[in-house]
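I opened this notebook to record what I looked up in one structure, topic by topic. The entries cover strand pairing first and cysteines afterwards.

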Amino acid sequence: MSRSIEQLLPGIPTVEGNAVKLTRLLAQALQQRLDPFLMLDHFDNDEPNDYVGGFPNHPHRGFETITYLLAGAMQHSDSTGHTGTIQAGDVQWMCAGRGVVHSEMPQQNEGRLAGFQLWLNLPATEKMQTPWYKDLLSDTLPRFETEQGVKGCVIAGECHQTNGAIQRPFTEPLIVDLHLPANSQFTTDLPASHNAFFVVYEGVANVQGEEITPERLAILRNDADDLTLSSNEPTKLLLIAGKPLKEPIARYGPFVMNTPDEIQQAITEYRSGEFGDVAE
């Protein structure tokens, strides 16, 4: 028996950064249920005033950010000296570790800007590691295609005997962009021990007769070790799963630690300039 749908939750319209409009799919109230994931945002705007302000300098500590771009171009700069620009199909993966200040700014004044940003927690033993950053360009991401024409881009983990571009210890994240043609079906291993969810961003997916439309978070029950998806029309979705850390979560804005004292320490050290500055 394949995994079934536990909940279908509508996304929450949200404004972040400098007046950027987006949809929050995984909010803070779900971070224990979907451990090790903390947040998932989907942005898709073709009105420049809804995105040109971008995300100016802001801090992070204690987790990783993964940005997957579907359309447009974004530039990352941070206080460790890393810079990089991604375009449609590319990924930015940043481990904030013990602390970093960064910005994410659109590199366009017109057209469509679309993509996802996912926050992935770090275990207590790894939260104070040295920050790092990687650009994963579209033409380097591992891909597969099934006999039914289902195409997968494996950003992290392993799917359909294909190893992703990133492998992370402790949380073992799976992040796959799946494109299902009309009248197709796809089955993949998905350990019941791992929390899992997906979001459709084009078309309509089907799980055990239940239809899932765009802008809704489909949380999967931990009731089987595989997942079967089908579609009657061309459909695109982002499938995400990971091994829960089962640790306390203390969160204040851009800081995610294990105790309130550690949060206060993060605030104090950021305000004192210990996270550094982004070079102009």
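**Entry 1: the open sheet.** I looked up how the strands of one sheet are ordered, and I found four strands in an open sheet, in the order β5-β10-β7-β8, with antiparallel pairing. I note that the model is a predicted one. I then turned to the edges of this sheet, where β5 (55–60) and β8 (83–87) stand. Each of these two has a single partner strand, so one side of each is left without a neighbour in the sheet. I also looked up the turn between neighbouring strands of this sheet, which is 20° on average, direction ignored. As background, I wrote down that strands of a sheet pair through backbone hydrogen bonds, either parallel or antiparallel.

**Entry 2: one pair within that sheet.** I followed β7, which covers residues 73–78, to its pairing with β8. The two strands run in the antiparallel sense and are joined over five bridges. Which residue of β8 stands opposite H76? I found G84 in that position.

**Entry 3: strand β3 and its partners.** I next examined β3 (residues 20–26). Is this strand largely enclosed or left open by the rest of the structure? Six of its seven residues are buried, so I recorded β3 as largely enclosed by the rest of the structure.

I looked up its pairing with β2 (residues 12–16), which is antiparallel and extends over five bridges. Within this pair, K21 in β3 is the bridge partner of V15. The hairpin of β2 and β3 has three residues between the strands, and G17 in this hairpin takes a positive phi near 60°.

I then checked β4 (residues 37–45), which also pairs with β3 in the antiparallel sense, here over three bridges. For R24, I found the bridge partner D41 in β4.

**Entry 4: cysteines.** I recalled that a disulfide is a covalent bond between the sulfur atoms of two cysteines. How many disulfides does the model contain? With a cut-off of 2.5 Å between cysteine sulfur atoms, the count comes to zero.

I wished to see why C153 forms no such bond. The cysteine sulfur closest to that of C153 belongs to C159 and lies 11 Å away, which is too far for a bond. The search from C159 leads back to C153 as the closest, again at 11 Å and too far for a bond.

Finally, I looked up the exposure of both residues. C153 is buried, with a relative accessible area of 3%. C159 is buried as well, with a relative accessible area of 0%.

Technical notes
Residues are numbered from 1 along each chain as its sequence is written. This is a predicted model: local features need pLDDT of at least 70, side-chain atom pairs count only at pLDDT 80 or more; totals for chains, interfaces and linings use all residues. Side-chain values use heavy atoms; hydrogens and water are left out. Two strands pair if DSSP finds at least two bridges between them. Axes are lines fitted to C-alpha atoms, for helices over the stretch in contact, and angles run from 0 to 180 degrees between N-to-C directions. Buried means under 20% relative accessible area, exposed over 50%, partly exposed in between (1.4 Å probe, protein chains only).
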